[in-house]
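Here is a short tour for anyone meeting this structure for the first time. Have a look at the picture, then read on.

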Amino acid sequence: QNEIKELDKKTSTSQTKDTTMVGADQDENGCLASAGYTWSKVNKECVKIFTGIQLNPAKDLANEEMVLCAYVLFNENGDQAEVFLPNEESIVLTKSTKNKSWSNANFELTTKNGYALKKGTEIIYIGDGTMGNKVTGSDQQEE
């Protein structure tokens, strides 16, 4: 009889279904993280950050198991750049007409033979300016 109870436990456990709803991971702005969307502060919409300009770590990471890239999106008129660093909240940089770069207190994005992101005086990310196709929205059906 104990064997039957153990068998029933295994059967009932394997029959339990995942009741998590698809799309239940919306953030406060309605962006679906499971669909790859993140809120853009400068564009005021849900975007897929990997469609922006990809920046790779400036340090040689040949021995690292995983390389985490940063991405840059610009607002419509180009006077603000939003940098999405791995595992951090995005950073908004404002364009300076003096040196044609985007900056805030700690970061500076420069363009010379591509893009370079500095934190203080150290270049932490670089990219050739390759840009993906901009994708916006929230993957929700219109009602």
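Let's start in the middle of the action, with two neighbouring strands. Strand β5 and strand β6 (residues 91-96) run antiparallel, and 4 bridges join them. One spot to look for is E82, which stands opposite V92 in β6. Between these two strands sits a hairpin with 6 residues in it, and there N87 takes a positive phi near 60°.

Keep in mind that this is a predicted model, so what follows describes a computed picture.

**The other side of β5**

Strand β5 has a second partner. Strand β4 (residues 70-74) pairs with β5 in the antiparallel sense, again over 4 bridges. Here you can pick out a couple of matched positions: V72 has V83 as its bridge partner in β5, and L73 stands opposite E82 in β5. So E82 turns up twice, across from V92 in β6 and across from L73. The hairpin of β4 and β5 has 5 residues between the strands, and in it G78 takes a positive phi near 80°.

A word on how such pairs hold together: strands of a sheet pair through backbone hydrogen bonds, either parallel or antiparallel.

Is strand β5 (residues 80-84) largely enclosed or open to the outside? Of its 5 residues, 4 are buried, so β5 is largely enclosed by the rest of the structure.

**Stepping back to the whole protein**

Now zoom out. The protein has 1 helix and 10 strands, and along the sequence they come in the order α-β-β-β-β-β-β-β-β-β-β. What do the strands β3 to β10 build? They form a closed barrel of 8 strands, running β3-β4-β5-β6-β7-β8-β9-β10 with antiparallel pairing. From one strand to the next, the twist averages 30°.

A few overall figures round out the view. The protein has 143 residues, and buried ones make up 31% of them. Its accessible surface comes to about 10400 Å², with 47% of that belonging to carbon and sulfur atoms. If you take the contacts between residues at least 6 apart in sequence, 39% of them join residues at least 24 apart.

**A little cluster of rings**

How many aromatic pairs does a search of the whole structure find? The search turns up 2. A pair of aromatic rings is described by the distance of the centres and the angle of the planes. Here they are side by side:

| Pair | Centre to centre | Angle between planes | Arrangement |
|---|---|---|---|
| F74 and W102 | 5.0 Å | 55° | tilted |
| F74 and Y115 | 6.1 Å | 40° | tilted |

Both pairs link distant parts of the chain. In the pair with W102, F74 belongs to strand β4 and W102 to strand β7 (residues 101-103), 28 residues apart. In the pair with Y115, that residue sits in strand β9 (residues 115-119), and F74 in strand β4 is 41 residues apart from it. F74 and W102 are both buried, and F74 and Y115 are both buried too. Put together, the ring pairs link F74, W102 and Y115 into a cluster.

F74 also has a polar neighbour. The side chain of N43 has a polar atom 3.4 Å from the backbone oxygen of F74. You'll find N43 in the loop between β1 (38-40) and β2 (45-47). Is N43 buried or exposed? N43 counts as buried because its relative accessible area is 17%, and the cut-off for buried is under 20%.

**One more asparagine**

Last stop: N56, which lies in strand β3 (residues 53-57). N56 is partly exposed, with a relative accessible area of 32%. Which residues does N56 touch, leaving aside those up to four places away in sequence? They are C69, I124, Y125 and I126. Take Y125: along the chain N56 and Y125 are 69 residues apart, yet their C-alpha atoms are separated by 5.2 Å. There is a polar contact too, between the side chains of N56 and Q54, at 2.8 Å.

Conventions: Residues are numbered from 1 along each chain as its sequence is written. This is a predicted model: local features need pLDDT of at least 70, side-chain atom pairs count only at pLDDT 80 or more; totals for chains, interfaces and linings use all residues. Side-chain values use heavy atoms; hydrogens and water are left out. Buried means under 20% relative accessible area, exposed over 50%, partly exposed in between (1.4 Å probe, protein chains only). Two strands pair if DSSP finds at least two bridges between them. Contact means heavy atoms within 4.5 Å. Accessible areas come from the Shrake-Rupley method with a 1.4 Å probe; for residues, only the protein chains shown count as cover. Axes are lines fitted to C-alpha atoms, for helices over the stretch in contact, and angles run from 0 to 180 degrees between N-to-C directions. Rings of Phe, Tyr and Trp (its six-membered ring) pair if their centres lie within 6.5 Å; planes under 30 degrees apart count as stacked, over 60 as edge-to-face and the rest as tilted. A polar contact is a pair of N or O atoms within 3.5 Å; within protein, one must be able to donate a hydrogen and the other to accept it, and residues adjacent in sequence count only if both atoms are side-chain atoms.
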